[in-house]
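This briefing describes the sheets and helices of one protein chain for a reader who is new to protein structure. Please keep the sequence and the structure in view while reading.

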Amino acid sequence: MSDDRFDETVSAIYEAALLPTLWPAVLSRLCEDLGFMGGLVTMRSEAAESWIYTPTMKSISMEFAAGGWPARNERMTRILQLNSCSFVQDFDLFTPEEWETSPLYREFLFPRGHGYGAGTLISTPGRTQIIVALERLLREGPVSAETIQRLDRLRPHMARALVLQEASQRQQAQTMLDSLSLAGLAAAIVSGSGRIVAANAEFETLDAQLPITARDQLLPSDAPVRLQLQTALADISPETVRSIAVPGTESADAFVLHVLPLRRNARDLAPLGAAILLASRVMRVGETTDSTRLLRTLYDLTRSEAKVALAILGGSSLREIAARDGLSYETVRSFAKSAYGKTGSDGQVELVRRLSILTAR
């Protein structure tokens, strides 16, 4: 790598610190210069894990995740254990015999023509562990000592840039949440497992209904709310905003918890976050001219499900609803059961209790 090329690469690295979407191009540049097939940056915290990768790594990265390999990644485990301040290659981590027999290599990497690579660990003050990994095709042979030396020339710049990026993103996320505070909105960023990445002061006052454990795990005190939140975070959809009715307590008011997916450019604010949780009072039934639309919006109910739910809230039995609307009892019962499931209720009494949030004066 010429001095001019080195300087250009360093400049690109620091540019990516401020514009994270440029990292795939930076990694592609390194791969082109140093003979790698592709590269990725893995960011890990106690809350979650996220990836940035070159286009050439997209397919294999998806297969890796789908196969459950992140939890069995011996290579990453050994990089973390070694905690080296330089790049390492496979035979710094494994003996030749371990390399040949490791399930990671034998079952995943070798069949796809991979097996050689280089990586390094970067730890941040925010307790995020960042691993930069570059992959070489098996037919290209092991990573040479010369290539490791060239990577180590760039490592201090990559470390500073990634630490700066992590700190900047953490501050941006907190600034966004604090801005929501000014609007009176309680908000938090959570990982897919329900761990708190960041939260504003208003959100922390909801501890009667949404307590946070010592390990930053959000653990709703109401069991149905806990199950609904776990389900929502396990299946985050870009098209869907989920809303969960959180019952009040003797000392705290009820509210609705909205689960907003973090996607695309929004992920740059909090790459380890899966969603923003927003707790707010909503317009109640009776304060709006379209109660059916309100329930449909909040709980993804169909029009028929919402009408049945509203009738139950009004005190009607299922047989009364069927007779009034000219429907069979089984049809109304089916709509009601679907509404129970979507609102986290186990029957009419529970439905009324949960949706009383929307009917209380």
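Pro261 stands opposite Ala275 in strand 10. These positions belong to a predicted model. Strand 10, residues 275-280, runs antiparallel to strand 9, residues 255-261, and six bridges join the two. The points below begin with the sheet around these strands, then turn to a second sheet, and end with helices and loops.

**The sheet containing strands 9 and 10**

- Five strands form this open sheet in the order 7-6-10-9-8, and their pairing is antiparallel.
- Strand 7 (196-199) and strand 8 (242-246) are the edge strands; each has a single partner strand, so one side of each lacks a neighbour in the sheet.
- On average, neighbouring strands of this sheet are turned by 25° against each other, direction ignored.
- Strand 8 pairs with strand 9 through five bridges in the antiparallel sense.
- Within this pairing, Ser243 has His258 of strand 9 as its bridge partner.
- Why is strand 9 described as largely enclosed by the rest of the structure? Five of its seven residues are buried, so the surrounding structure largely encloses the strand. Buried here means under 20% relative accessible area.

**Helices lying across this sheet**

- Helix 8, residues 145-182, lies across strand 6 (186-190), strand 7 and strand 10. Its direction is at about 155° to strand 6.
- Helix 10, residues 223-234, lies across strand 6, strand 8, strand 9 and strand 10. Helix 10 runs at about 165° to strand 8.

**The sheet containing strands 4 and 5**

- Another open sheet has five strands in the order 2-1-5-4-3, again with antiparallel pairing.
- At the edges of this sheet stand strand 2 (49-53) and strand 3, each with a single partner strand, so one side of each is left without a neighbour in the sheet.
- Helix 2, residues 23-34, packs on this sheet and touches strand 1 (38-44), strand 2 and strand 5. The direction of helix 2 makes about 135° with that of strand 1.
- Strand 4 is paired with strand 5 (residues 129-137) over nine bridges in the antiparallel sense.
- Two positions illustrate how strand 4 meets strand 5. Tyr116 stands opposite Arg136 in strand 5, and the bridge partner of Ser123 in strand 5 is Gln129.
- Strand 3, residues 88-89, is joined to strand 4 by two bridges, and these strands run antiparallel. Val88 has Gly119 of strand 4 as its bridge partner.
- Nine of the ten residues of strand 4 (residues 114-123) are buried, so this strand is largely enclosed by the rest of the structure.
- Helix 8 also lies across strand 1, strand 2, strand 3, strand 4 and strand 5. Relative to strand 4, helix 8 runs at about 50°.

**A pair of helices in contact**

- In general, two packed helices are described by the angle between their axes and the distance between the axes.
- How do the axes of helix 13 and helix 14 cross, and within what distance do they come? The axes of helix 13 (residues 318-325) and helix 14 (residues 329-343) come within 9 Å and cross at roughly 120°.
- Because of this angle, helix 13 is oblique to helix 14.
- The crossing of these two helices is right-handed.
- On the side of helix 13, the residues in contact are Leu318, Arg319, Ile321 and Ala322. They meet Tyr329, Val332, Arg333, Ala336 and Tyr340 in helix 14.
- By class, this contact consists of seven nonpolar, no polar and two charged residues.

**Helix 12 and two positive phi angles**

- Helix 12, residues 303-313, has as its buried residues Glu305, Ala306, Val308, Ala309, Ala311 and Ile312.
- Gly315, just after helix 12, takes a positive phi of about 100°.
- Asn83 has a positive phi of about 50°, although this residue is not a glycine. Asn83 is placed in the loop between helix 4 (74-82) and strand 3.

Terms used:
Residues numbered from 1 in each chain as written. Predicted model: local features only at pLDDT ≥ 70, side-chain atom pairs only at ≥ 80, totals over all residues. Heavy atoms only, no water. Buried < 20%, exposed > 50% of the residue type's maximum accessible area, 1.4 Å probe, protein only. Helix = DSSP H or I, 4+ residues; strand = E, 2+ residues; numbered from the N terminus. Pairing = 2+ DSSP bridges. Axes fitted to C-alpha atoms, helices over the stretch in contact; angles between N-to-C directions. Parallel < 35°, antiparallel > 145°, perpendicular 65-115°, else oblique. Left-handed = near helix turned anticlockwise from the far one by under 90°. Contact = heavy atoms within 4.5 Å. Nonpolar A, V, L, I, M, F, W, Y, C, P; charged D, E, K, R; others polar.
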